[in-house]
Amino acid sequence: MTRFLVTSLSLLLLASAAFAHGGDDHAHEDAPPAAAQHQPQVELSGGGLELVGTVSDRKLTIYLDSQATNEPVAGATIELKADGIAAGTATGIGNGIYSIPAPWADEPGHKPLRFVITLNGEKTVLEGEMDVAAKQAQATDGRVSLTALVASPVVWLVAAFSAAAGFVLAFAFRPLRVPASSADGARSDPPRASGTATAVLFALLTTTMLVTQTEPTRAHGGDDHADEAPAAAAGAPNTPRRLPDGAVHLPKPSQRLLHVRTIAAELKKALPSRELIGTVVPDPSSFGQVQAPMDGRIEIAERGISHVGQKVTAGEVLAYLSPSIPIADLGTMQQLRADVAGKLRIAEQKLARLTRISSVVAQREIDDTRAELEALREQQRVLAQKDVELIPLKAPVAGVISVANVRAGQVVTTRDTLFEIVDPHRLWIEAISGAEHAAPLIHGAYANDPDGHSIRLSYIGRAPALRQQTQPLQFKVEERHDGLVIGSAVKVLVQQGETVDGIVLPDAAVVRGPDGLPRVWVKEGPQLFRPQPVRIAPLDGDNIVVLGGIEAGSRVVVDGAELLNQVR
(Lines give C-alpha, C1' and ligand atoms only; values in the text may rest on other atoms or scores of the structure.)
Protein backbone atom coordinates (compact mmCIF):
# COMPACT_ATOMS: atom_id res chain seq x y z
CA MET A 1 0.00 0.00 0.00
CA THR A 2 2.84 2.41 0.84
CA ARG A 3 4.55 1.80 -2.49
CA PHE A 4 1.30 2.45 -4.29
CA LEU A 5 0.77 5.80 -2.52
CA VAL A 6 4.33 6.91 -3.14
CA THR A 7 4.12 6.03 -6.81
CA SER A 8 0.74 7.76 -7.22
CA LEU A 9 1.87 10.93 -5.48
CA SER A 10 5.04 11.04 -7.59
CA LEU A 11 3.02 10.75 -10.79
CA LEU A 12 0.72 13.55 -9.63
CA LEU A 13 3.68 15.82 -8.92
CA LEU A 14 5.20 15.08 -12.32
CA ALA A 15 1.89 15.78 -14.00
CA SER A 16 1.59 19.09 -12.19
CA ALA A 17 5.06 20.01 -13.44
CA ALA A 18 4.15 19.01 -16.99
CA PHE A 19 1.01 21.21 -16.95
CA ALA A 20 2.56 24.06 -15.03
CA HIS A 21 2.28 26.30 -18.14
CA GLY A 22 -1.38 25.58 -18.60
CA GLY A 23 -1.16 24.12 -22.08
CA ASP A 24 0.57 27.13 -23.65
CA ASP A 25 1.82 26.88 -27.20
CA HIS A 26 5.41 28.22 -27.33
CA ALA A 27 6.46 26.59 -30.54
CA HIS A 28 7.35 29.94 -32.13
CA GLU A 29 8.33 31.87 -29.03
CA ASP A 30 11.88 33.14 -28.97
CA ALA A 31 13.93 33.47 -25.85
CA PRO A 32 13.58 36.96 -24.37
CA PRO A 33 16.63 39.11 -25.08
CA ALA A 34 18.85 40.40 -22.38
CA ALA A 35 17.97 43.84 -21.11
CA ALA A 36 19.69 46.59 -23.06
CA GLN A 37 22.53 48.22 -21.19
CA HIS A 38 22.35 51.98 -20.80
CA GLN A 39 25.51 53.63 -22.04
CA PRO A 40 26.91 56.07 -19.48
CA GLN A 41 26.85 59.62 -20.78
CA VAL A 42 27.93 63.09 -19.77
CA GLU A 43 26.59 66.38 -21.20
CA LEU A 44 28.50 69.61 -20.60
CA SER A 45 28.23 73.15 -21.98
CA GLY A 46 30.29 76.28 -21.54
CA GLY A 47 32.57 78.73 -23.27
CA GLY A 48 30.49 78.57 -26.43
CA LEU A 49 31.08 74.81 -26.70
CA GLU A 50 28.87 71.79 -26.18
CA LEU A 51 30.29 68.39 -25.25
CA VAL A 52 28.60 64.99 -25.09
CA GLY A 53 30.58 61.92 -24.03
CA THR A 54 29.40 58.30 -24.33
CA VAL A 55 31.16 55.21 -22.97
CA SER A 56 31.03 52.02 -25.02
CA ASP A 57 33.48 49.10 -25.29
CA ARG A 58 35.82 50.72 -22.75
CA LYS A 59 36.11 53.83 -24.93
CA LEU A 60 34.82 57.33 -24.36
CA THR A 61 33.48 58.89 -27.59
CA ILE A 62 33.32 62.69 -27.39
CA TYR A 63 31.11 64.88 -29.62
CA LEU A 64 32.20 68.53 -29.60
CA ASP A 65 29.90 71.16 -31.17
CA SER A 66 29.42 74.90 -31.24
CA GLN A 67 26.80 75.84 -28.69
CA ALA A 68 25.26 78.57 -30.86
CA THR A 69 25.09 76.86 -34.26
CA ASN A 70 25.40 73.14 -33.35
CA GLU A 71 28.16 72.80 -35.93
CA PRO A 72 30.84 70.16 -35.23
CA VAL A 73 34.09 71.60 -33.90
CA ALA A 74 37.15 69.94 -35.42
CA GLY A 75 40.82 70.50 -34.74
CA ALA A 76 40.48 70.84 -30.98
CA THR A 77 42.75 69.27 -28.35
CA ILE A 78 40.84 67.57 -25.52
CA GLU A 79 42.65 66.49 -22.35
CA LEU A 80 40.70 64.34 -19.89
CA LYS A 81 41.11 63.80 -16.16
CA ALA A 82 38.76 61.03 -15.03
CA ASP A 83 38.11 60.03 -11.42
CA GLY A 84 41.07 62.10 -10.28
CA ILE A 85 43.49 60.38 -12.66
CA ALA A 86 44.87 61.94 -15.86
CA ALA A 87 43.48 59.78 -18.66
CA GLY A 88 45.36 61.37 -21.54
CA THR A 89 44.47 63.27 -24.72
CA ALA A 90 41.59 62.35 -27.02
CA THR A 91 42.21 61.47 -30.65
CA GLY A 92 40.12 62.96 -33.46
CA ILE A 93 38.29 60.27 -35.41
CA GLY A 94 35.89 62.39 -37.43
CA ASN A 95 34.36 65.82 -37.92
CA GLY A 96 34.04 67.00 -34.34
CA ILE A 97 34.28 63.43 -32.95
CA TYR A 98 37.06 62.35 -30.58
CA SER A 99 37.88 59.10 -28.80
CA ILE A 100 39.90 58.12 -25.71
CA PRO A 101 40.24 54.83 -23.76
CA ALA A 102 38.04 54.61 -20.65
CA PRO A 103 39.20 51.76 -18.38
CA TRP A 104 37.98 53.78 -15.39
CA ALA A 105 34.38 53.09 -16.51
CA ASP A 106 34.65 49.38 -15.62
CA GLU A 107 33.76 50.03 -11.98
CA PRO A 108 30.29 51.40 -11.16
CA GLY A 109 29.81 54.70 -9.37
CA HIS A 110 29.98 58.46 -9.89
CA LYS A 111 33.00 59.40 -11.96
CA PRO A 112 34.14 63.06 -11.82
CA LEU A 113 35.40 64.18 -15.24
CA ARG A 114 37.41 67.25 -16.19
CA PHE A 115 37.85 68.19 -19.84
CA VAL A 116 40.42 70.79 -20.89
CA ILE A 117 39.62 71.87 -24.47
CA THR A 118 42.17 73.89 -26.43
CA LEU A 119 40.82 75.52 -29.58
CA ASN A 120 42.58 78.28 -31.56
CA GLY A 121 44.92 78.92 -28.67
CA GLU A 122 42.12 79.36 -26.11
CA LYS A 123 41.42 76.90 -23.30
CA THR A 124 38.00 75.96 -22.00
CA VAL A 125 37.50 73.79 -18.92
CA LEU A 126 34.33 71.71 -18.60
CA GLU A 127 33.69 69.65 -15.47
CA GLY A 128 30.97 67.16 -14.66
CA GLU A 129 30.13 63.70 -13.38
CA MET A 130 29.29 60.48 -15.17
CA ASP A 131 27.14 57.90 -13.43
CA VAL A 132 28.37 54.40 -14.29
CA ALA A 133 25.68 51.93 -13.21
CA ALA A 134 26.33 48.32 -12.19
CA LYS A 135 25.97 45.75 -14.93
CA GLN A 136 22.58 44.16 -15.12
CA ALA A 137 22.20 40.46 -14.45
CA GLN A 138 22.03 38.21 -17.46
CA ALA A 139 18.61 36.86 -18.37
CA THR A 140 17.95 33.21 -17.52
CA ASP A 141 16.05 30.47 -19.28
CA GLY A 142 13.72 29.62 -16.35
CA ARG A 143 15.99 27.10 -14.55
CA VAL A 144 16.96 27.61 -10.91
CA SER A 145 20.41 26.66 -9.66
CA LEU A 146 20.99 24.62 -6.52
CA THR A 147 22.74 27.52 -4.84
CA ALA A 148 19.73 29.77 -5.44
CA LEU A 149 17.40 27.13 -4.03
CA VAL A 150 19.48 26.66 -0.86
CA ALA A 151 19.67 30.43 -0.34
CA SER A 152 15.92 30.93 -0.72
CA PRO A 153 13.94 30.92 2.62
CA VAL A 154 10.73 30.16 0.72
CA VAL A 155 12.19 26.86 -0.46
CA TRP A 156 13.08 25.87 3.14
CA LEU A 157 9.54 26.66 4.30
CA VAL A 158 8.07 24.55 1.50
CA ALA A 159 10.50 21.74 2.33
CA ALA A 160 9.56 21.76 6.03
CA PHE A 161 5.86 21.75 5.23
CA SER A 162 6.32 18.94 2.73
CA ALA A 163 8.32 16.87 5.22
CA ALA A 164 5.63 17.26 7.86
CA ALA A 165 2.92 16.34 5.37
CA GLY A 166 4.94 13.33 4.30
CA PHE A 167 5.24 12.03 7.85
CA VAL A 168 1.53 12.44 8.44
CA LEU A 169 0.59 10.66 5.22
CA ALA A 170 3.12 7.91 5.79
CA PHE A 171 1.81 7.09 9.25
CA ALA A 172 -1.83 7.55 8.27
CA PHE A 173 -1.66 5.06 5.45
CA ARG A 174 0.81 2.55 6.89
CA PRO A 175 -0.20 -1.14 6.54
CA LEU A 176 -1.78 -2.98 9.46
CA ARG A 177 -0.14 -6.20 10.31
CA VAL A 178 -1.56 -9.04 12.46
CA PRO A 179 0.89 -9.85 15.19
CA ALA A 180 2.38 -13.34 14.79
CA SER A 181 2.20 -15.78 17.72
CA SER A 182 5.43 -17.06 18.99
CA ALA A 183 6.13 -20.65 19.55
CA ASP A 184 5.42 -20.36 23.26
CA GLY A 185 2.11 -18.59 22.59
CA ALA A 186 3.33 -15.08 23.37
CA ARG A 187 2.39 -12.21 20.97
CA SER A 188 5.37 -10.31 19.46
CA ASP A 189 5.37 -6.45 18.82
CA PRO A 190 5.20 -5.16 15.21
CA PRO A 191 8.40 -3.78 13.75
CA ARG A 192 8.39 0.03 13.99
CA ALA A 193 11.59 0.67 12.14
CA SER A 194 10.10 -0.14 8.75
CA GLY A 195 7.18 2.36 9.18
CA THR A 196 9.51 5.13 10.25
CA ALA A 197 11.83 4.51 7.33
CA THR A 198 8.90 4.59 4.91
CA ALA A 199 7.68 7.90 6.33
CA VAL A 200 11.13 9.43 6.05
CA LEU A 201 11.50 8.17 2.49
CA PHE A 202 8.10 9.50 1.54
CA ALA A 203 8.81 12.91 3.08
CA LEU A 204 12.13 13.22 1.27
CA LEU A 205 10.52 12.25 -2.03
CA THR A 206 7.72 14.75 -1.58
CA THR A 207 10.12 17.55 -0.61
CA THR A 208 12.34 16.83 -3.60
CA MET A 209 9.40 16.91 -5.99
CA LEU A 210 8.02 20.17 -4.63
CA VAL A 211 11.39 21.91 -4.50
CA THR A 212 12.37 20.98 -8.03
CA GLN A 213 9.00 22.12 -9.33
CA THR A 214 8.84 25.41 -7.41
CA GLU A 215 9.94 27.64 -10.26
CA PRO A 216 8.11 25.95 -13.12
CA THR A 217 4.80 25.98 -11.25
CA ARG A 218 5.08 29.76 -11.00
CA ALA A 219 4.98 30.10 -14.80
CA HIS A 220 2.11 31.53 -16.86
CA GLY A 221 -1.42 30.51 -16.19
CA GLY A 222 -3.00 29.52 -19.45
CA ASP A 223 -2.20 32.47 -21.74
CA ASP A 224 -1.46 31.87 -25.41
CA HIS A 225 1.78 33.72 -26.35
CA ALA A 226 2.50 31.99 -29.59
CA ASP A 227 2.63 35.26 -31.59
CA GLU A 228 3.85 37.58 -28.85
CA ALA A 229 7.12 39.35 -29.64
CA PRO A 230 9.73 39.77 -26.94
CA ALA A 231 9.66 43.10 -25.19
CA ALA A 232 12.26 45.57 -26.48
CA ALA A 233 14.52 47.43 -24.15
CA ALA A 234 13.03 50.86 -23.59
CA GLY A 235 14.80 54.12 -23.13
CA ALA A 236 18.02 53.38 -24.95
CA PRO A 237 19.95 56.66 -24.67
CA ASN A 238 21.38 56.54 -28.21
CA THR A 239 17.99 56.09 -29.90
CA PRO A 240 16.05 59.10 -31.25
CA ARG A 241 12.67 59.09 -29.55
CA ARG A 242 9.73 61.31 -28.74
CA LEU A 243 9.28 61.98 -25.03
CA PRO A 244 5.83 61.95 -23.35
CA ASP A 245 5.75 65.77 -23.15
CA GLY A 246 6.29 66.11 -26.92
CA ALA A 247 10.01 66.90 -26.78
CA VAL A 248 12.50 64.86 -28.79
CA HIS A 249 15.67 63.23 -27.51
CA LEU A 250 18.08 63.27 -30.45
CA PRO A 251 21.55 61.82 -29.80
CA LYS A 252 24.60 63.48 -31.26
CA PRO A 253 25.19 60.79 -33.93
CA SER A 254 21.66 61.39 -35.21
CA GLN A 255 22.20 65.15 -35.17
CA ARG A 256 25.24 64.63 -37.38
CA LEU A 257 23.22 62.43 -39.71
CA LEU A 258 20.29 64.87 -40.02
CA HIS A 259 22.62 67.90 -40.26
CA VAL A 260 20.85 69.76 -37.45
CA ARG A 261 21.89 73.41 -37.20
CA THR A 262 20.67 76.21 -34.93
CA ILE A 263 20.87 79.97 -34.59
CA ALA A 264 20.29 82.26 -31.64
CA ALA A 265 16.98 84.10 -31.95
CA GLU A 266 17.48 87.86 -32.16
CA LEU A 267 14.81 90.54 -31.95
CA LYS A 268 14.85 92.87 -34.98
CA LYS A 269 12.78 95.46 -36.79
CA ALA A 270 11.07 93.86 -39.77
CA LEU A 271 8.53 94.81 -42.41
CA PRO A 272 5.95 92.02 -42.90
CA SER A 273 4.62 91.21 -46.35
CA ARG A 274 1.29 90.28 -47.83
CA GLU A 275 0.97 87.51 -50.38
CA LEU A 276 -0.41 88.02 -53.90
CA ILE A 277 -0.75 85.69 -56.87
CA GLY A 278 1.20 86.80 -59.93
CA THR A 279 1.94 85.72 -63.49
CA VAL A 280 5.20 86.08 -65.39
CA VAL A 281 4.80 88.26 -68.51
CA PRO A 282 7.41 89.58 -71.00
CA ASP A 283 8.75 93.10 -70.89
CA PRO A 284 6.77 94.99 -73.59
CA SER A 285 9.90 96.74 -74.86
CA SER A 286 11.67 93.41 -75.48
CA PHE A 287 8.73 91.45 -76.88
CA GLY A 288 8.04 91.18 -80.61
CA GLN A 289 5.76 89.33 -83.02
CA VAL A 290 6.24 88.45 -86.69
CA GLN A 291 2.98 88.31 -88.67
CA ALA A 292 2.28 87.54 -92.32
CA PRO A 293 1.80 90.80 -94.25
CA MET A 294 -0.23 89.01 -96.96
CA ASP A 295 -1.36 85.60 -98.05
CA GLY A 296 1.45 83.39 -99.21
CA ARG A 297 3.60 80.33 -98.77
CA ILE A 298 6.54 79.91 -96.37
CA GLU A 299 9.93 79.46 -97.96
CA ILE A 300 13.09 78.32 -96.19
CA ALA A 301 15.79 80.90 -95.45
CA GLU A 302 19.48 80.32 -96.12
CA ARG A 303 20.10 78.82 -92.65
CA GLY A 304 16.81 76.92 -92.54
CA ILE A 305 13.55 77.45 -90.67
CA SER A 306 13.99 79.22 -87.31
CA HIS A 307 12.84 77.19 -84.31
CA VAL A 308 11.81 77.67 -80.67
CA GLY A 309 14.69 78.45 -78.31
CA GLN A 310 16.89 79.92 -81.03
CA LYS A 311 18.65 83.18 -80.24
CA VAL A 312 18.17 85.88 -82.87
CA THR A 313 19.21 89.47 -83.37
CA ALA A 314 17.08 92.40 -84.48
CA GLY A 315 16.66 92.43 -88.28
CA GLU A 316 17.70 88.81 -88.74
CA VAL A 317 15.75 86.93 -91.48
CA LEU A 318 13.70 84.12 -89.93
CA ALA A 319 11.95 82.85 -93.10
CA TYR A 320 10.62 84.00 -96.47
CA LEU A 321 7.06 84.51 -97.65
CA SER A 322 6.18 83.84 -101.27
CA PRO A 323 3.02 85.87 -102.00
CA SER A 324 0.01 84.07 -103.37
CA ILE A 325 -1.52 85.80 -106.46
CA PRO A 326 -5.09 84.90 -107.55
CA ILE A 327 -5.67 83.55 -111.09
CA ALA A 328 -7.59 86.67 -112.13
CA ASP A 329 -4.70 88.85 -111.03
CA LEU A 330 -2.26 86.62 -112.92
CA GLY A 331 -4.24 87.18 -116.16
CA THR A 332 -4.25 90.89 -115.59
CA MET A 333 -0.52 90.89 -115.00
CA GLN A 334 0.11 88.82 -118.14
CA GLN A 335 -1.93 91.32 -120.11
CA LEU A 336 0.03 94.19 -118.61
CA ARG A 337 3.34 92.53 -119.40
CA ALA A 338 2.25 91.96 -123.02
CA ASP A 339 1.08 95.56 -123.34
CA VAL A 340 4.35 96.86 -121.92
CA ALA A 341 6.37 94.58 -124.17
CA GLY A 342 4.53 95.92 -127.28
CA LYS A 343 5.02 99.53 -126.24
CA LEU A 344 8.64 98.78 -125.55
CA ARG A 345 9.22 97.48 -129.07
CA ILE A 346 7.49 100.50 -130.59
CA ALA A 347 9.59 102.85 -128.49
CA GLU A 348 12.79 101.08 -129.50
CA GLN A 349 11.89 101.30 -133.19
CA LYS A 350 10.97 104.95 -132.86
CA LEU A 351 14.23 105.75 -131.12
CA ALA A 352 16.18 103.93 -133.87
CA ARG A 353 14.45 105.96 -136.62
CA LEU A 354 14.99 109.24 -134.84
CA THR A 355 18.59 108.41 -134.29
CA ARG A 356 19.15 107.86 -138.05
CA ILE A 357 17.62 111.24 -138.96
CA SER A 358 18.94 113.11 -135.96
CA SER A 359 20.23 115.85 -138.26
CA VAL A 360 16.75 116.85 -139.28
CA VAL A 361 14.92 115.99 -136.02
CA ALA A 362 14.89 118.07 -132.90
CA GLN A 363 17.01 116.73 -130.07
CA ARG A 364 14.12 117.17 -127.65
CA GLU A 365 12.07 114.57 -129.50
CA ILE A 366 14.94 112.06 -129.37
CA ASP A 367 15.37 112.62 -125.60
CA ASP A 368 11.65 112.15 -124.95
CA THR A 369 11.63 108.89 -126.86
CA ARG A 370 14.68 107.68 -124.93
CA ALA A 371 13.01 108.54 -121.57
CA GLU A 372 9.82 106.77 -122.61
CA LEU A 373 11.87 103.70 -123.53
CA GLU A 374 13.56 103.59 -120.07
CA ALA A 375 10.21 103.89 -118.31
CA LEU A 376 8.79 100.98 -120.28
CA ARG A 377 11.84 98.85 -119.51
CA GLU A 378 11.49 99.53 -115.76
CA GLN A 379 7.80 98.71 -115.92
CA GLN A 380 8.59 95.44 -117.66
CA ARG A 381 11.18 94.60 -115.00
CA VAL A 382 8.71 95.22 -112.19
CA LEU A 383 5.98 93.15 -113.79
CA ALA A 384 8.36 90.31 -114.53
CA GLN A 385 9.41 89.90 -110.80
CA LYS A 386 5.98 89.95 -109.22
CA ASP A 387 5.45 86.20 -109.56
CA VAL A 388 8.88 85.19 -108.16
CA GLU A 389 9.58 87.80 -105.43
CA LEU A 390 10.06 86.50 -101.81
CA ILE A 391 9.24 88.71 -98.83
CA PRO A 392 11.75 88.32 -95.92
CA LEU A 393 10.28 87.85 -92.45
CA LYS A 394 12.66 89.61 -90.04
CA ALA A 395 12.97 89.63 -86.23
CA PRO A 396 11.78 92.98 -84.82
CA VAL A 397 13.77 92.63 -81.56
CA ALA A 398 16.71 90.63 -80.25
CA GLY A 399 16.02 87.71 -77.97
CA VAL A 400 14.92 84.08 -78.02
CA ILE A 401 12.15 82.65 -80.20
CA SER A 402 9.34 81.51 -77.89
CA VAL A 403 6.72 80.69 -80.55
CA ALA A 404 7.37 79.38 -84.09
CA ASN A 405 4.25 78.46 -86.07
CA VAL A 406 5.90 77.89 -89.45
CA ARG A 407 6.75 74.92 -91.66
CA ALA A 408 8.37 74.78 -95.05
CA GLY A 409 5.70 75.15 -97.74
CA GLN A 410 3.04 76.21 -95.20
CA VAL A 411 0.31 78.47 -96.60
CA VAL A 412 -0.50 81.39 -94.32
CA THR A 413 -2.97 84.21 -94.41
CA THR A 414 -2.68 87.88 -93.58
CA ARG A 415 -2.08 88.73 -89.86
CA ASP A 416 -1.23 85.14 -88.89
CA THR A 417 1.31 85.17 -86.01
CA LEU A 418 4.33 83.26 -87.25
CA PHE A 419 6.99 84.04 -84.61
CA GLU A 420 7.17 85.49 -81.09
CA ILE A 421 10.46 86.72 -79.70
CA VAL A 422 11.17 87.55 -76.07
CA ASP A 423 14.20 88.46 -73.97
CA PRO A 424 14.22 85.93 -71.07
CA HIS A 425 16.29 88.30 -68.95
CA ARG A 426 13.81 91.17 -69.19
CA LEU A 427 10.60 90.00 -67.57
CA TRP A 428 7.72 91.52 -65.65
CA ILE A 429 5.30 90.04 -63.14
CA GLU A 430 1.67 91.00 -63.06
CA ALA A 431 0.06 90.45 -59.65
CA ILE A 432 -3.62 90.59 -58.77
CA SER A 433 -4.59 92.81 -55.84
CA GLY A 434 -7.81 93.97 -54.30
CA ALA A 435 -9.34 97.25 -55.39
CA GLU A 436 -7.42 100.02 -53.64
CA HIS A 437 -8.61 103.59 -53.80
CA ALA A 438 -5.25 105.16 -53.02
CA ALA A 439 -1.94 104.29 -54.61
CA PRO A 440 -0.30 101.55 -52.54
CA LEU A 441 2.83 102.46 -50.59
CA ILE A 442 5.12 99.55 -51.48
CA HIS A 443 8.53 99.44 -49.82
CA GLY A 444 9.72 96.27 -51.53
CA ALA A 445 8.53 93.18 -53.34
CA TYR A 446 9.77 89.64 -53.86
CA ALA A 447 8.62 86.69 -55.94
CA ASN A 448 8.89 82.99 -55.19
CA ASP A 449 9.20 80.72 -58.23
CA PRO A 450 7.87 77.11 -58.20
CA ASP A 451 11.28 75.91 -56.94
CA GLY A 452 11.15 78.22 -53.91
CA HIS A 453 13.77 80.75 -55.04
CA SER A 454 13.29 84.31 -53.87
CA ILE A 455 13.59 86.98 -56.61
CA ARG A 456 13.75 90.71 -55.94
CA LEU A 457 11.19 92.88 -57.75
CA SER A 458 10.69 96.61 -58.28
CA TYR A 459 7.24 98.18 -58.36
CA ILE A 460 6.27 99.73 -61.72
CA GLY A 461 2.66 100.75 -61.32
CA ARG A 462 -0.95 99.66 -61.20
CA ALA A 463 -3.73 99.56 -63.74
CA PRO A 464 -6.25 102.43 -63.41
CA ALA A 465 -9.12 100.10 -64.34
CA LEU A 466 -10.40 97.00 -62.58
CA ARG A 467 -10.15 93.61 -64.22
CA GLN A 468 -12.79 91.21 -62.92
CA GLN A 469 -13.09 93.32 -59.76
CA THR A 470 -9.34 93.13 -59.13
CA GLN A 471 -6.55 95.58 -59.76
CA PRO A 472 -3.40 94.40 -61.55
CA LEU A 473 -0.06 95.48 -60.13
CA GLN A 474 3.04 95.32 -62.32
CA PHE A 475 6.55 94.58 -61.09
CA LYS A 476 9.87 94.36 -62.89
CA VAL A 477 12.22 91.43 -62.25
CA GLU A 478 15.47 93.01 -61.11
CA GLU A 479 17.56 89.83 -60.87
CA ARG A 480 18.47 87.55 -63.72
CA HIS A 481 16.84 84.20 -63.05
CA ASP A 482 16.61 81.32 -65.51
CA GLY A 483 13.87 79.55 -63.56
CA LEU A 484 11.14 82.02 -64.53
CA VAL A 485 8.95 80.92 -67.43
CA ILE A 486 6.54 83.24 -69.19
CA GLY A 487 2.98 82.40 -68.22
CA SER A 488 3.87 80.57 -65.00
CA ALA A 489 2.23 81.47 -61.69
CA VAL A 490 4.40 82.81 -58.86
CA LYS A 491 3.81 84.00 -55.32
CA VAL A 492 4.46 87.71 -54.89
CA LEU A 493 5.33 89.12 -51.45
CA VAL A 494 4.62 92.84 -51.17
CA GLN A 495 6.06 94.72 -48.21
CA GLN A 496 3.61 97.39 -47.05
CA GLY A 497 2.63 99.04 -43.80
CA GLU A 498 4.61 99.70 -40.65
CA THR A 499 7.63 97.87 -39.25
CA VAL A 500 7.17 95.46 -36.34
CA ASP A 501 9.43 93.87 -33.73
CA GLY A 502 10.03 90.19 -34.45
CA ILE A 503 12.56 87.41 -34.82
CA VAL A 504 13.71 86.80 -38.39
CA LEU A 505 14.22 83.12 -39.24
CA PRO A 506 14.77 81.17 -42.46
CA ASP A 507 11.62 79.77 -43.96
CA ALA A 508 12.95 76.22 -43.47
CA ALA A 509 12.86 76.68 -39.67
CA VAL A 510 9.04 76.62 -39.60
CA VAL A 511 7.25 73.26 -39.78
CA ARG A 512 3.68 72.14 -39.31
CA GLY A 513 2.58 70.28 -36.21
CA PRO A 514 -0.04 67.51 -36.05
CA ASP A 515 -2.68 70.20 -35.48
CA GLY A 516 -1.62 72.02 -38.65
CA LEU A 517 -0.30 75.08 -36.79
CA PRO A 518 3.18 76.45 -37.49
CA ARG A 519 5.90 75.72 -34.97
CA VAL A 520 9.66 75.78 -34.58
CA TRP A 521 12.04 73.47 -32.72
CA VAL A 522 14.02 74.99 -29.85
CA LYS A 523 17.16 73.31 -28.57
CA GLU A 524 17.05 73.15 -24.77
CA GLY A 525 19.97 70.79 -24.18
CA PRO A 526 22.79 69.12 -26.06
CA GLN A 527 20.42 66.30 -27.04
CA LEU A 528 16.98 67.71 -26.16
CA PHE A 529 14.70 69.58 -28.59
CA ARG A 530 11.25 70.95 -27.83
CA PRO A 531 8.53 72.12 -30.28
CA GLN A 532 7.22 75.65 -29.83
CA PRO A 533 4.06 76.98 -31.56
CA VAL A 534 4.65 80.39 -33.15
CA ARG A 535 2.78 83.17 -34.93
CA ILE A 536 4.53 84.12 -38.17
CA ALA A 537 4.27 86.48 -41.12
CA PRO A 538 6.01 86.29 -44.53
CA LEU A 539 9.00 88.56 -45.05
CA ASP A 540 10.99 88.27 -48.30
CA GLY A 541 10.49 84.77 -49.68
CA ASP A 542 13.58 83.29 -48.00
CA ASN A 543 12.77 84.39 -44.45
CA ILE A 544 9.80 84.80 -42.16
CA VAL A 545 9.29 86.97 -39.11
CA VAL A 546 8.12 85.39 -35.85
CA LEU A 547 5.67 87.72 -34.11
CA GLY A 548 5.15 85.59 -31.01
CA GLY A 549 5.85 82.21 -29.44
CA ILE A 550 9.61 82.28 -28.75
CA GLU A 551 11.92 84.59 -26.87
CA ALA A 552 15.13 86.25 -27.94
CA GLY A 553 18.17 84.10 -27.20
CA SER A 554 16.44 80.80 -27.89
CA ARG A 555 18.43 78.36 -30.01
CA VAL A 556 16.12 77.65 -32.94
CA VAL A 557 16.70 74.80 -35.39
CA VAL A 558 17.06 76.25 -38.88
CA ASP A 559 18.38 73.19 -40.73
CA GLY A 560 16.96 69.69 -40.25
CA ALA A 561 13.75 70.90 -38.60
CA GLU A 562 11.52 68.95 -40.99
CA LEU A 563 13.38 65.69 -40.28
CA LEU A 564 13.36 66.40 -36.54
CA ASN A 565 9.61 66.93 -36.75
CA GLN A 566 9.16 63.35 -38.01
CA VAL A 567 10.81 61.62 -35.02
CA ARG A 568 8.30 59.44 -33.21
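Which residue in strand 7 is the bridge partner of Leu 60? Keep that question in mind while you get your bearings, and remember throughout that what you have open is a predicted model.

**The whole chain**

Begin with the chain in full, coloured by secondary structure, where you will find eight helices and 34 strands. Of the 568 residues in the chain, 36% are buried. If you switch on a surface, you are looking at about 33300 Å² of accessible area, and 56% of that area belongs to carbon and sulfur atoms. Among contacts with a separation of 6 or more, 69% are between residues that lie 24 or more positions apart in the chain.

**Strands 2, 3 and 7**

Now select residues 59–66, which make up strand 3, and notice that this strand is mostly covered, since seven of its eight residues are buried. Add residues 97–101, which are strand 7, and you will see strand 3 joined to strand 7 by five bridges, with the two running antiparallel. Here the opening question is settled, for the partner of Leu 60 in strand 7 is Ile 100.

Next add residues 49–56, which are strand 2; this strand pairs with strand 3 in the antiparallel sense, over eight bridges. Leu 60 appears again here, because in this pair of strands it stands opposite Val 55. In general, strands of a sheet pair through backbone hydrogen bonds, and they do so either parallel or antiparallel.

Strand 2 and strand 3 together form a hairpin, with two residues between them. Zoom in on the loop between these strands and select Asp 57, which has its place there. Asp 57 has a positive phi of about 55 degrees, although it is not a glycine. Why is Asp 57 counted as exposed? The reason is that its relative accessibility is 71%, and exposed means over 50%.

**A second loop residue**

Move on to the loop between strand 8 (109–119) and strand 9 (122–132), and select Asn 120, which is found in it. Asn 120 is not a glycine either, yet it has a positive phi of about 55 degrees. As background, most residues other than glycine have a negative phi. Asn 120 counts as exposed because its relative accessibility is 75%.

**Strands 12 and 34**

Select residues 555–559, which form strand 34, a mostly covered strand in which four of the five residues are buried. Then add residues 261–264, which are strand 12, and follow the four bridges that join strand 12 to strand 34, the two strands running antiparallel. To look at one of these contacts between strands, pick Ala 264, whose bridge partner in strand 34 is Arg 555.

**An open sheet of four strands**

For the next stop, show strands 15, 22, 20 and 17 together, and you will have an open sheet of four strands in the order 15-22-20-17, with antiparallel pairing. The edge strands are strand 15 (288–291) and strand 17 (311–312), each of which pairs on one side only.

You can walk across this sheet from strand 15, which pairs with strand 22 (residues 417–422) in the antiparallel sense over four bridges. Val 290 has Phe 419 of strand 22 as its bridge partner. Phe 419 is worth keeping selected, as Ala 404 also stands opposite this residue in strand 22. Strand 20 is joined to strand 22 by four bridges, and these strands run antiparallel. The walk ends with strand 17 and strand 20 (residues 399–404), which pair in the antiparallel sense over two bridges; there, the bridge partner of Val 312 in strand 20 is Gly 399.

**Helix 6**

Select residues 327–356, which are helix 6, and find Arg 345 within this helix. Is Arg 345 buried or exposed? Arg 345 counts as exposed, because its relative accessibility is 51%. Now add Leu 373, which is 28 residues away along the chain, and check the distance between the C-alpha atoms of Arg 345 and Leu 373, which is 8.7 Å.

**The cavity**

The last stop is an empty space inside the model, where the structure holds one cavity of 30 Å³ or more. The largest cavity has a volume of about 40 Å³. To display its lining, select Pro 424, His 425, Arg 426, Leu 427, Val 477, Glu 479, Arg 480, His 481 and Leu 484. Coloured by class, this lining shows four nonpolar, two polar and three charged residues.

Definitions and conventions. Residues numbered from 1 in each chain as written. Predicted model: local features only at pLDDT ≥ 70, side-chain atom pairs only at ≥ 80, totals over all residues. Heavy atoms only, no water. 1 Å grid on protein atoms, 1.4 Å probe; cavity = no way out; pocket = protein on both sides within 12 Å on 5 of 7 lines; lining within 4 Å. Points joined across faces, edges and corners; volume = space filled by probe spheres on them. Nonpolar A, V, L, I, M, F, W, Y, C, P; charged D, E, K, R; others polar. Buried < 20%, exposed > 50% of the residue type's maximum accessible area, 1.4 Å probe, protein only. Contact = heavy atoms within 4.5 Å. Areas by Shrake-Rupley, 256 points an atom, 1.4 Å probe, with all protein chains shown as cover.
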